[in-house]
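Please work through the exercises that accompany the structure shown here. Each exercise consists of a task and a stepwise solution.

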Amino acid sequence: MSFLHNIRTVAQYESRTLRRSWFFRLFSVGGLVIMTFMNIGLFSPVGGDSWGLQAISSSVPYVNLYLLNIGQAIVVIFLAADFLRRDKKLDTSEVLYTRSMSNLEYILGKTWGIIRLFLFLDAIILSIGLLMNIISTDMSVDLLSYLQYLLIICVPTIVFSLGVAFVLMQVIRNQAVTFMVLLGYAALDMFYLYYRAGWIFDYMAFNLPLVKSGIAGFGNSGLIANQRLLYLFSGFALVMVTALLFKRLPQSKLQRVVTTILLILCSIGAIFAGFGTWNTHSARIRDKKQVIETNRAFENRKFPVIETASIDLVHKGKTIEASASLTIANENREDLETYLFSLNPSLRVTGIESGNRALEFKRTGHIIEALPGKRLAHGEKDSLKISYTGAVNEEFCYPDYSESSKSNPYMIAMLVINKRQAFLTDDFVLLTPESHWYPVAGLNYYPSDPARIKVDFTRYKLRVKSRDGLTAVSQGRVKKDEGHFSFAPEEPLTGLTLAIGNYMIDSLKAGSVEYLSYHFPGNDYYRKSLSALKDTLPQLISGIMRDLETDFSARYPFSTLSLVEVPVQFYSFPRMSTQTRAEVQPAMVLLPEKLSTLEGAGFGKRITRQKKRMVRNNEVLTDKEIQLRVFQNFVQNTFITGEQFRYRNGVAWNEPVRYRLGSSFYFFKNNFWSDEFPVINAVFETHLQKAKAPEQSGFFGFSSSLTENDQANLYLKKASFRDVLASNPLGDTLRQVLTVKGDYLFNLFREKAGIDKFDIWFRDYMNGNRFRSINIADLNDTISRKFGFEFYPFLEDWFNRKDQPGFSFSRLTASEIIVADRTRYQITFVASNAEAVSGLFNISVRTGADAGGRDNASINFGGERVTISVQGRGMEASDISKIVMLAPHETKRIGLVTDAQPREIRINTLFSMNLPGVIALPVSNISKKRENQAEFDGEELLASPPGPANSHEIIVDNEDPGFSRGEQQAVIPLKRLLGINYNGRQEYQEIRMWNLPDYWQPVVKAEYFGKYILSAVYTTGGKGDKSISWTTPVPSPGYYNIYCYVGKPADQVRIGSNEGDQDEENRGHSPSQDMHYKVYSDEGVEEITVDYDNAENGWNLLGKYRLTSDSARVVLTNQSTGRVVVGDAIRWVKAD
Amino acid sequence: MKIEILGLNKIYPNGNHALKDINLEFGTGMFGLLGPNGAGKSSLMRIMVTLMKPTSGTILVDGKDIQKNRKELRQMLGYLPQDFRFFTALKTWEFLDYSGALAGMKNRKLRVSEVDRLLDQVGLLEVRDRMANKLSGGMKRRLGIAQALIGNPRIIVVDEPTTGLDPDERIRFRNILSQLTQNDVTIILSTHIVGDISSTCQGMALLNRGEVVFSGSPENLVRNAGGHVFRLNLSTEQYESVKERYNIISTIPVDNGWEVQVVSDDPPGFNAIPVIPNIEDAYVYFMEHKIKATIID
């Protein structure tokens, strides 16, 4: 008893002492103020729209403790280090040391004193959060989670911090050094170690996935328990070490022995928990590796096609017991001696029968090899029944992806969500085709060819039994009899999904489609927010579906669409073989609980905000109109375009594309395959499912970055399509490359067949081949018969060759013409491809009224200055009006005739060296009517490309060999000390106005000069210690006029400007100011200063110089009073 | 209760031999340790209260080695160190309550009552809610005394307890200790203020340079000095001469000169009158004559 009494006593007075320290008071008052405001801002009815957090009720304690824990971990270090220093400093401590208590009691008392103080603070802050939680109109309260997060996040962090601080203070004996060491570790955790090695180093649980679902709980309790116990036990072990090292004569030998035993026990606990944490991580890697190796062994084997599958499944808590009766067909050229299937490796096959005859089978990992005892010839069919039982191993699902919160972040605000691919628990089940919960005749990943996919369109039937009170959900309409749920989808499907849970069901018939909503009790918050739409919902939804069908030129192929609520942890990784994510299944979308991760799902707050905006703008809208607007925005962003990405360090935080319905219009109903070009289906899919979404604009929109098309062309400049695929690119790279390649291929089809002809025919062809897999060799034959050309021969270069065409455009003219008493408009321009490979570009013409409010910018166009529009507002977009193919070194004059007055032509160079790849040319200076002039709507081959304006001129651009950026040595002292240089840095970036590069960074903008790549380099203004140079051989001595190119981007941000102020005086100044060129000539070196604001947009004369030596040189330094210095191109023109 | 100190040595890591073969024995009542600064008193105290280990030797309390039975010793111990100035952020009563709780007083009600009683006893009741750090030097000392007494310790070790106390407080403190000796308590008092010893201690030891140079009762110490303390009436010239040759204990200016007391083995002349020594005279005589003579021998 005296053991506890002593601990309690020491703790009581330690808490009291710390409570009175200014450091703690400052922290707690600051923390209380900040957290109170945060709670009001995030969770209260008057707070902002942070639906992701509001939807998950456990996010209240999680957010509060997550943020508090970071501060707390640091303050604890300070206070813990302070206690030993204080004991040493205070002479009055000695009287306490002579009291009868063991060192362990004293140290534990001190530890508990600090812990309870912080827990008290946590409790106060949590109660503020709880109050907001209770008064929030949209949130439910998860009381248990308050305690859970306190124990999970705070206690282990504090104990571990205390333990480490105590021991370090004993060893180092210097509070400042101890504090710095521990602060360093905390920073290391937050910025470097947080996700590494399966979170084993993340002592603050900074990045540990801890979001708790209202449906499925944490879903990773084992990992959480192990990881947190690791730090709890380690902390206690270190506290024991402190007690042993403590500078006070121990009370007795027995106490030392007890302390030592506790140290050993805590260490063993920490080792076990650490091993458990590591094992979760390594088992995941091992399982994935095993799946890949098994797949590697079978990727060249032939699988049958499953035509029908009738699955009977019993849900038995954490396992299932099932049988699948399959009808298979051999569509391979070779006979099949074995029937190969893939089944989740944790599902044990109990038997295979064929016609009441048991078949022998082998199991290799997830592969089932059934031995039918006969050969199945091409075109023959067979049937068999596979019985199996067990659990589901989720690591099987995406074997090429590791669980890394760094490379695949999945978060709500700062809260990391555990990624789950399947659920099989007593109360909830979610099994998607990706988990292979039923036999699948194909592999989930082809290691040698990750873009390959085998798609079977199978007619499924499913019969499910689960425990009473749970509802089964799958594709198709449900029938319930004798405790069984039966599903018989009307259409063949690419895969079957099963969810079982305490679902509530709503249904709505709109048009020919029945919409089914499966949600959990209390999660239908949207009913209240969107109550005014109740009556018009069917029309609204069928209207949205009609728009989708129009966009994709195809009908929605299923009779139902189920929206199924699933735990927020359900997450699918992107695949190389398809752009379709597992959140969207045939006739089904798996939506996160309470739509938590979806942008714009906080309808209530959005509607309130909209109303406030209306009042501000004196607008009058009815409630119904507002709700309609909010709902349509949500639907548009979630299911149609998915354009609202949030990025951090270039990685998408949220992925609205996960729920896009585009896959229903291609991937779930059509399939093209090729052994030679396995990526073909992904290419078709990317092109055909591409939503009509606006281009991604640059950050804050004032400095446009490269488009996805441009980025893809940059990848393809370095490697062929085949090589890009082989390099297994991450993130959006693959999608970008597939898009470019797909666009190129379909432009080729359209160029050969005619745009409209091809589009109409291909739409009919796709509909005629719904739910069938087509070999592209057959497609080639069909196109050849229909249109008289074969695309197959093009595919070899398309796939394997990396050379890109490069296009130059010049001599744009536009004139009014009279044709048959009608005023029409004739546009002509010349296009050249100077490269050794052929290429395609398409042209679209924008017509309409004056483009109100647009800015104009001048660009170099074939040596001439033309003004381009940088904003397209006020114009009507039209479809592609012409596709042009240019053979190597070919030049054509292109003619277009429009009925409406052209405003702009846009040339998309598709797969080419041109950057930017889309060139927008405004059509100004339209010459007046000329009678009886012949129309020219077509192409005319020219003998040679237009020559330069002046044959005596030499131009060296920043992309040319004569340009040098010198040594890209860092100028920031720390970077220089670390030997950082930027020679390898070639990627184009946008011009940023903050954190300016201290090296010369290439940047692409339409206003800059270039043959194909309109680029320049820029750096931060400095003292002249960095320079770039342009050097060229001089053909003949003499006087030369030397010019520098100054591109003036119209969207460039101005410093000190008043927003919207058009007054020149108030527009602020440009970030570029004086530019210092050094011109080398016979007279020596002369420095010429060019003032950016006064410079011409284009070539600016530096002066006339005599050059007799072999080479001429101009240097630009970073000396400037401006924020940035931009260098582009230099031109030498021989003077007469 | 019997405390025996047997062959105790303490050598610090820097080679300082602080205690040299100390052998002492004393029982219930007050035992005084007298000696100049650096004599080793505090080292001995710190070993006695288990803050420090001896290099060799043992201290037995009722026959039990305190290094092997620290728990038992600490349960019966009250300690006031020489330096007692810096407190954590606790109020006066809180510090006392903390000490009381650690002294084994588990009943909160009784503890609070005892805290107030002791605060009253040491004259701090009025400042019970003042932060301990804000107390004056004397008050801190009194608080130290109170905390040493809380929990009814059977052994009280007080190191220089009256340093910084004014005469009234010193008397009050001595009285408190005297009262405690009535309750079967052993008090070990270390001091360099001779007056503290004379009024209260039954036994005492004189420490010098780590060695016990005298051990016995204060009366014995005084007896040893009998016949060696003289009073002289001197002119200024005589005074200068005497100052050179003898240890002057006290000097009082009188008409036409000085009245001084000196210690000396032999009468110093100048019509010296032998006086009865007090313990202070005895301490000076002992330190200046006996020890120096021993060293010279």
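The following exercises treat a predicted model, beginning with one chain and ending with a sheet.

**Exercise 1. Describe the overall make-up of chain B: its secondary structure, extent, burial and contact range.**

Step 1. Count the elements: chain B holds 10 helices and 14 strands.

Step 2. Establish the extent: along the principal axes, the C-alpha atoms of chain B occupy a box of roughly 70 × 45 × 35 Å.

Step 3. Assess burial, for which a residue needs 20 or more other C-beta atoms within 10 Å of its own. By this criterion, 46% of the 297 residues of chain B are buried.

Step 4. Examine the contact range: among contacts in chain B with a separation of 6 or more, 68% are between residues 24 or more positions apart.

**Exercise 2. Determine how chain B is divided into domains and which elements of domain 1 touch domain 2.**

Step 1. Set the bounds: domain 1 of chain B spans 2-216, and domain 2 of chain B spans 223-296.

Step 2. Locate the centres: taken over C-alpha atoms, those of domain 1 and domain 2 of chain B are 34 Å apart.

Step 3. Count the residues in the contact: domain 1 of chain B contributes nine and domain 2 of chain B contributes seven.

Step 4. Assign the domain 1 side to elements: helix 7 (194-200), strand 9 (203-208) and strand 10 (211-216) of chain B each provide at least two residues. Helix 7 of chain B has the largest share, four residues.

Step 5. Classify this side of domain 1 of chain B: six residues are nonpolar, three are polar and none is charged.

**Exercise 3. Analyse the side of chain B that touches chain A.**

Step 1. Count the participants: 28 residues of chain B contact 25 residues of chain A.

Step 2. Identify the elements: at least two residues each come from helix 2 (70-75), strand 6 (77-80) and helix 3 (92-102) of chain B. Helix 3 of chain B gives the most, with five residues.

Step 3. Classify the chain B side: 14 residues are nonpolar, six polar and eight charged.

**Exercise 4. In which order do the four strands of the open sheet in chain A lie, and what joins strand 33 to strand 34?**

Step 1. Write the order: the strands lie as 31-28-33-34 in chain A, with antiparallel pairing.

Step 2. Find the edges: strand 31 (880-886) and strand 34 (918-922) of chain A each pair on one side only.

Step 3. State the twist: from one strand to the next, the average is 20 degrees.

Step 4. Inspect one pair: strand 33 (residues 902-908) and strand 34 of chain A run antiparallel and are joined by five bridges. A:Arg906 has A:Ala920 in strand 34 of chain A as its bridge partner.

Conventions: Residues are numbered from 1 along each chain as its sequence is written. Chains are lettered from A and ligands numbered from 1 in the order in which they are written. This is a predicted model: local features need pLDDT of at least 70, side-chain atom pairs count only at pLDDT 80 or more; totals for chains, interfaces and linings use all residues. Ala, Val, Leu, Ile, Met, Phe, Trp, Tyr, Cys and Pro count as nonpolar, Asp, Glu, Lys and Arg as charged, and the others, Gly among them, as polar. Domain bounds come from an automatic or database domain assignment. Two residues are in contact if their C-beta atoms, placed from the backbone, lie within 7 Å. A residue is buried if 20 or more other C-beta atoms lie within 10 Å of its own, exposed if 12 or fewer, and partly exposed in between; C-beta atoms are placed from the backbone. Two strands pair if DSSP finds at least two bridges between them. Axes are lines fitted to C-alpha atoms, for helices over the stretch in contact, and angles run from 0 to 180 degrees between N-to-C directions.
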